[in-house]
Amino acid sequence: MGANLARKKTIPKPMSDAIPGSLQLTDYWNNSATSKVFGHPIPDAVIEAYFPANAKVLDIGCGQGRLSRILADMGFQVSGADTSTAMLAEARNNAPNCEFRQSCEGRLAYGDNAFEVAIAVTLFTSVPAASEQRQLISEIKRILKPGGILFVSDLPLQWTDRYLARYQAGQERYGQYGVFDLENGGVVRHHEQAYFMQLVSDLTPLKMETHEVVTMNGNQAQAFRFVGQLSVGQHSRVLQY
Ligand SMILES: C[S@@+](CC[C@H](N)C(=O)[O-])C[C@H]1O[C@@H](n2cnc3c(N)ncnc32)[C@H](O)[C@@H]1O
């Protein structure tokens with residue numbers, strides 16, 4: 001009886017501890033650098049409305065430099081950050097007019113208040129651990145100038161049977177609904193909207209909309225776009241739009 005009671009009182013290790021961090025997922029992204037095609041767009045209307053002309057932009061989770069290149073060709077001063085050396089090699093080749101640095105465990109190798117705009121396109125899907133997502137948000141707030149803009153395009157929870165089965169398996173394995181395994185060792189996360197809005201709650205939301213995308217694995221999916229603004233703060237200047 002006493003032994004049984006002692007066993008019942010043992011607090012189980014939370015399953016979410018098993019969600020891999022980006023260091024454990026780097027091999028997956030390195031192996032994807034020349035095979036995956038990413039397609040989330042940044043509409044011109046969003047750029048015109050929210051990105052100040054000639055702004056310094058940080059493309060976080062820049063992958064092969066697809067969006068860095070587009071933005072640099074539009075006149076923005078673009079830097080890129082990624083954990084994967086193979087992705088960074090592709091990015092340097094594809095976007096020679098940009099500058100790229102490796103990031104590690106949610107830390108960005110850039111100074112404080114350095115950028116007017118940060119973009120994170122399918123970054124949070126690629127960072128399934130909540131603690132690391134929060135670390136990235138904290139870093140984004142650090143590298144953005146007061147009044148700076150964060151653009152996110154990412155994936156909410158989907159409602160097709162195929163995804164529901166994957167989320168169920170992910171819930172059983174990782175203890176977190178929305179986190180799921182890909183083939184070849186990848187682990188990604190789709191987000192409940194309320195969870196995502198909580199993640200970015202230190203920014204003022206300027207835009208939230210949904211749209212259709214084709215994922216890197218060729219599946220049709222619902223995506224969302226978010227634009228948020230860092231508060232100006234008492235010592236800071238307001239960006240002119
Ligand atoms: C789905 S790809 C998107 C690439 C690019 N944003 C695009 O849309 O073309 C996600 C990228 O995030 C990178 N990544 C994963 N975890 C990261 C982290 N903690 N910090 C920065 N980049 C990360 C991966 O290496 C990969 O290149």
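This section describes the confidence, ligand shell, helices and core of a predicted model.

Confidence is considered before the structural features. The chain averages a pLDDT of 91. Of the residues, 90% score at least 70. Residues 1-16 fall below 50. Beyond near neighbours in sequence, this stretch makes six contacts in the model. Residues 234-241 also have a pLDDT below 50. For that stretch, the model contains nine contacts beyond near neighbours in sequence.

The ligand is surrounded by 23 residues. Those that come nearest are W29, F38, G61, G63 and S84. By class, the shell comprises 11 nonpolar, 10 polar and two charged residues. Three elements each contribute at least two residues to it: α2 (22-32), α4 (66-73) and β2 (77-82).

Helix α2 has a buried face. Its buried residues include S22, L25, W29 and S32. Viewed down the helix axis, the buried residues of α2 fall within an arc of 65 degrees, so they line one face of the helix. L23 and Q24 lie on the other side of α2 and are exposed. The buried residues pack against three elements, namely α5 (85-94), α6 (130-143) and β7 (187-189). W29 thus has two roles in this description: it is buried in α2, and it is among the residues that come nearest to the ligand.

Helix α4 also supplies at least two residues of the ligand shell. This helix is mostly covered, with six of its eight residues buried. They are R66, L67, S68, R69, L71 and A72. Their cover includes the strands β1 (56-60), β2 and β4 (115-121), together with helix α5. β2 therefore appears twice, because it helps to cover the buried residues of α4 and supplies at least two residues of the ligand shell. After α4 comes G75, with a positive phi near 105 degrees.

The largest nonpolar core holds 52 residues. Within it, the residues with the most contacts are V57, I60, V117, A118, I119, A120 and L150. Strand β4 gives the largest share of this core, six residues. V117 illustrates the packing. Leaving aside residues up to four places away in sequence, V117 touches F51, A55, V57, G148, I149 and F151. One of these partners, V57, is itself listed among the residues with the most contacts inside the core. Strand β4 also takes part in covering the buried residues of α4.

Note on methods. Residues numbered from 1 in each chain as written. Predicted model: local features only at pLDDT ≥ 70, side-chain atom pairs only at ≥ 80, totals over all residues. Near = placed C-beta within 6 Å. Helix = DSSP H or I, 4+ residues; strand = E, 2+ residues; numbered from the N terminus. Nonpolar A, V, L, I, M, F, W, Y, C, P; charged D, E, K, R; others polar. Buried ≥ 20, exposed ≤ 12 C-beta atoms within 10 Å, placed from the backbone. Arc of directions from axis to C-beta. Contact = placed C-beta atoms within 7 Å. pLDDT = per-residue confidence, 0-100. Core = buried A, V, L, I, M, F, W, Y, C linked by C-beta atoms within 7 Å.
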